[in-house]
Amino acid sequence: LGLGQELSFKIAKKTFVKSQLAVAWVESSSQKNDGLKSGINFHHFWQLSHYLSANTYLSVGYNHISNGKIFSKEVGALFDMMVIGFSHRLVKK
C-alpha cells in the first residue's frame, strides 16, 4: 500500500528515464533478515526504458526501500536492488 508520484522524461527516440518517489506500507517478517522492517517506508525507483514497439519495452533500474530512520531510533531498514525488466501491454490503445 503506498502513495507516490512517477515521472517519465524522454531522453532519445523510444528511450525514457522514469523516476518514482513514494511512501509505502511494508509488511516484513521479523524472523527474516531481508533488510526490510514493517511499517512506513520510503520507496524510490529509477529506471531507463527503451521501447521496442508501442506495447513493449525493456528496462534497467535501481530500486531503494528504506525507513530513513525517521520514525525510530533503531537501525533503519534498507533494501536496494538492481533490476532488469520486460513489459508488454496486451490491450492496445
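Where does Lys14 lie? In this predicted model, Lys14 is placed in the loop between β1 and β2, the latter strand covering residues 15-26. The backbone of Lys14 has a positive phi of about 70 degrees, although this residue is not a glycine. Lys14 is also partly exposed, with a relative accessible area of 41%, a value that falls between the 20% under which a residue is called buried and the 50% over which a residue is called exposed.

From this loop one can turn to strand β1, which spans residues 2-12. This strand supplies three residues to a nonpolar patch, the largest share of that patch. The patch lies on the surface and is formed by Leu7, Phe9, Ile11, Val17, Leu48, Val60 and Ile84, which together have about 640 Å² of accessible area. Leu7, one of the patch members, is found in strand β1 and is partly exposed, its relative accessible area being 37%. The value for Leu7 is consistent with the rule that patch residues have over 30% relative accessible area.

Strand β3, made up of residues 39-53, contains His43. With a relative accessibility of 15%, His43 counts as buried, because the limit for that class is under 20%. The side chain of His43 is joined to the side chain of Gln20 by a polar contact of 3.0 Å. When the neighbours within four places in sequence are left aside, the residues in contact with His43 are Gln20, Leu21 and Ala22, together with Asn63, His64 and Ile65.

The aromatic residues give another route through the structure. By the ring-centre rule, the count of aromatic pairs comes to three. Among them is the pair of Trp46 and Tyr62, which is stacked, with 5.9 Å from centre to centre and 25 degrees between the planes. Because Trp46 lies in strand β3 and Tyr62 in strand β4 (residues 56-66), this pair ties together parts that are 16 residues apart in sequence. Both partners are partly exposed, Trp46 with a relative accessible area of 37% and Tyr62 with one of 31%.

The rings of Tyr51 and Tyr57 form a pair that is tilted, because their planes stand at 50 degrees, while their centres are 4.9 Å apart. Tyr57 counts as buried, at 17% relative accessibility. Tyr51 and Tyr57 also belong, with Phe16, to one aromatic cluster.

Notes
Residues numbered from 1 in each chain as written. Predicted model: local features only at pLDDT ≥ 70, side-chain atom pairs only at ≥ 80, totals over all residues. Heavy atoms only, no water. Patch = residues over 30% accessible without salt bridge, like charges linked within 9 Å, V, L, I, M, F, W, Y side chains within 5 Å. Areas by Shrake-Rupley, 256 points an atom, 1.4 Å probe, with all protein chains shown as cover. Salt bridge = Lys/Arg side-chain N within 4 Å of Asp/Glu carboxyl O. Helix = DSSP H or I, 4+ residues; strand = E, 2+ residues; numbered from the N terminus. Buried < 20%, exposed > 50% of the residue type's maximum accessible area, 1.4 Å probe, protein only. Polar contact = N/O pair within 3.5 Å; in protein donor to acceptor, adjacent residues only side chain to side chain. Contact = heavy atoms within 4.5 Å. Phe/Tyr/Trp six-rings, centres within 6.5 Å; stacked < 30°, edge-to-face > 60°.
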